[in-house]
Structure formats: C-alpha cells, structure tokens
Amino acid sequence: MLKFIAGRLMQSVFVMLFVGAIAFTLFQFVGDPINQMVGEDATQAEREELRERLGLNDPLIVQFGRFAGNMATGDFGFSYQHKRPVIDLIVERLPATLELAGLSIVLALLVGIPMGVYTGLHRYGVLSKIFMTLSLIGVSLPTFLIGILFIYLFSVILGWLPSFGRGQVVDIGGWTTGFLTLSGWKAVILPATTLALFQMTLVMRLVRAEMLEVMRTDYIKFARARGIANRAVQFRHALKNTLVPVITIIGLQLGTVIAFAIITETVFQWPGMGRLFLQGIQSVDIPIMSAYLVMIAFFFVVINLIVDILYYVVDPRLRIDSAKGAN
C-alpha cells in the first residue's frame, strides 16, 4: 500500500509542476502585468523600476522557480482588479463552490444510484422507460438552459425559491456556510439541482449498465442456484460489485463539478470560485486565472489520489497484481 501511494504521489507532483508551467506561461504571453498594475500616466522609468522589483527581468527558469515556490506555499500574488492577495479571494469564495459541488454530488448519488439499480433490474418496466427518457433529457439540455428554466418556474412563476445569491451565511472559524440558515438552504436548492442533473443521469446510466453486466455473470447464477434470496443476490452481491467502477467515476465527476461550476454560478450569481475566474477572464486578471488553474488541478490530483486508494482497497485484484509485480 505504501509503495502504491508513494508512486501516486510522485505522479501527482509531476502533474502539478506541469500545470504550474502552464499557469506560468499566462504571465508571459497573456498581456503585460506591468500595464495592469500601473496607470496610464506612469513613466517608463517607473515601469522599469516595478519590473525590476517584481523580478520580471530575471531569466525565465529563475522566474518559474520563484513562481513554483510561491505556488507551493499558496502565494499567487495580488489581483490586478481587486488589489488584494489572490489567496484571500479564493479562501472567501472556496466554501461556496465546495458546498455547491458537494451537495450536487450527494443529490446525484442519492437519486442516480437507486434509479440505476431499478432500471437495471426492471429494464422492460414502464417506470424504467420513463427514467431512461428523463435521463436523455437531462443529458441533452445544456446546464445554463436548465438553470434558466428552473429560475423561471420556481422563482418567477411560483415564487418558492430565490433566483440568485447565496442567502444568509454563518461564519464558523473562517468557513462561511449557508447550511445553517433557512435562506441559505433555499438559495442552494436550484443551483445544486441544476448542477446535479447531468451527474445524476451519468450515475444512473453507469449503475444500470454495470448491473446488467454483473447480473449475467456466473457467480450471480451460482448464488441463485445455492438458493440465496433474490434480494440478497441483487444488493449484497450484484450492487456491491457494481459500485467499484462507480467510485472512480464519481471521484472524477466531483473534480469536474468543481471545475465546471462556472456556468451554474454565473446563471445563479453564486459567489464561488467559478464566478471569480470568469470575472478574472473578463478583466484579464492573470493572477486569478493562474491561481484558479492551479487550484482546480490540485483538486483533481487529490481526488484522483483518494479514488485510486479506495479502488485499491475495494478491488482485491489490484492488490494481487501489485504483489505479482513486486515479485
């Protein structure tokens, strides 16, 4: 296990260095940071003095080493637009994005897994066909359109839920959460459901496909031949083996939800990292853009590492293969 984790950690370090190199190139090829930091009335001497003080005249390898070192300590510089440290802006927006992404994944699992199991066990039932039709709609409609439809129905027509914002939040040791207030829960329902729909359909279809495949295997037939109850065969044997690949997909999707919550956060004006990144693009705020890129890569690396470890623990075949490779 330790050798497996060490190998994954080495891979993660190389990935982060590669992503850091991409983020570093933003400072070299996307505009001049000096023009973003000083006014139009600044003299050329003042510009050169600032460039020298920031180390922009140093060789690229020296600049990248300094950038990588700062990145490792969470120092992403100052925002051109907000005139504040980028890490402070990220810390402020991070709770909103993580809570939105986490709740959407929970909704996707709570709804998608039971639907996938049901459609896999009753593939020709009427309700299964309805579920499959709804899943096609969920996959086909773009996220921004679903969000607009939800706002029009539940906010404009029915007036049940707010159409934008995060509601009232509570600060707990620097972590702001809306899960402790009624207005916070009302505000998160629509964006979380919008973000969860695609993941829900993906989970449902994956679980359905795996259930259909597992139910055809020999050990399921053998379990039934031994007289084991049908429900025990379906849930204790079939579902347990079905969830092994689901763990991998869900881990990857969690990173995807965090990375691509930009559209949902924009539609609902959710004060998260995605909206901050979009504002950074509009104002060519390179420190925010590069910091977002590094942070998302870090989330993907950590999530993939956890998924690999869980996969290694759940699937004994990986442990056997690792043991053979070591011998």
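Biologist: Is F299 buried or exposed in this model?

Modeller: The model is a predicted one. A residue counts as buried when its relative accessible area is under 20%. The relative accessibility of F299 is 16%, so this residue counts as buried.

Biologist: Which class does F298 fall into, given its relative accessibility?

Modeller: F298 and F299 form a tilted aromatic pair, with 6.4 Å from centre to centre and 55° between the planes. The class between buried and exposed runs from 20% to 50% relative accessible area. F298 has 43% relative accessibility, so it counts as partly exposed.

Biologist: Which helix gives the most residues to the largest nonpolar core?

Modeller: That core has 50 residues, and F76, M273, I296 and F299 have the most contacts inside it. Helices supplying at least two residues each include α1, α4, α5 and α8, as well as α10, α12 and α13. With 13 residues, the helix that gives the most is α13.

Biologist: Which residues does M273 touch, leaving aside those up to four places away in sequence?

Modeller: M273 is one of the residues with the most contacts inside the largest nonpolar core. Setting aside residues up to four places away in sequence, M273 touches I90, R93, L94, T97, E265, Y292, I296 and F299.

Biologist: How many residues apart in the chain are F24 and F67?

Modeller: The two rings form a tilted aromatic pair, 5.8 Å centre to centre with 50° between the planes. Both F24 and F67 are buried, and ring pairs link them with F64 into a cluster. F24 belongs to helix α1 and F67 to helix α4, so the pair links distant parts of the chain. Their separation is 43 residues.

Biologist: Does the end-to-end distance of helix α7 agree or disagree with its expected span, and what is that distance?

Modeller: Helix α7 covers residues 143-157, which is 15 residues. At 1.5 Å a residue, it should span 21 Å. The distance between its end C-alpha atoms agrees with this, at 20 Å.

Biologist: What covers the buried residues of α7?

Modeller: The buried residues in α7 are I146, G147, F150, I151 and S155. F150 also belongs to a second, separate core of six residues, which includes L161, L190 and F268. The cover over the buried residues of α7 includes α6, α8 and α11.

Biologist: Where in the chain does R166 lie, the partner of E99 in a salt bridge?

Modeller: The side chains of E99 and R166 meet at 3.1 Å, N to O. E99 counts as buried because its relative accessibility is 8%, and R166 counts as buried because its value is 9%. E99 is in helix α5, 67 residues from R166, which lies in the loop between α7 and β1.

Biologist: How far apart are the closest N and O atoms of R84 and E92?

Modeller: A search of the whole structure finds two salt bridges, and R84 with E92 forms one of them. R84 is partly exposed, with a relative accessible area of 31%, and E92 is partly exposed at 41%. The closest N and O atoms of R84 and E92 are apart by 2.5 Å.

Biologist: What share of the residues in the protein chain is buried?

Modeller: The chain holds 14 helices and two strands. Among contacts between residues at least 6 apart in sequence, 70% join residues at least 24 apart. Of the 327 residues in the protein chain, the buried share is 39%.

Terms used:
Residues are numbered from 1 along each chain as its sequence is written. This is a predicted model: local features need pLDDT of at least 70, side-chain atom pairs count only at pLDDT 80 or more; totals for chains, interfaces and linings use all residues. Side-chain values use heavy atoms; hydrogens and water are left out. Rings of Phe, Tyr and Trp (its six-membered ring) pair if their centres lie within 6.5 Å; planes under 30 degrees apart count as stacked, over 60 as edge-to-face and the rest as tilted. Helices (H or I, at least four residues) and strands (E, at least two) are DSSP runs, numbered from the N terminus. Buried means under 20% relative accessible area, exposed over 50%, partly exposed in between (1.4 Å probe, protein chains only). The expected span of a helix is 1.5 Å times one less than its number of residues. Contact means heavy atoms within 4.5 Å. A nonpolar core is a set of buried Ala, Val, Leu, Ile, Met, Phe, Trp, Tyr and Cys residues joined through side-chain atoms within 4.5 Å. A salt bridge is a side-chain nitrogen of Lys or Arg within 4 Å of a carboxyl oxygen of Asp or Glu.
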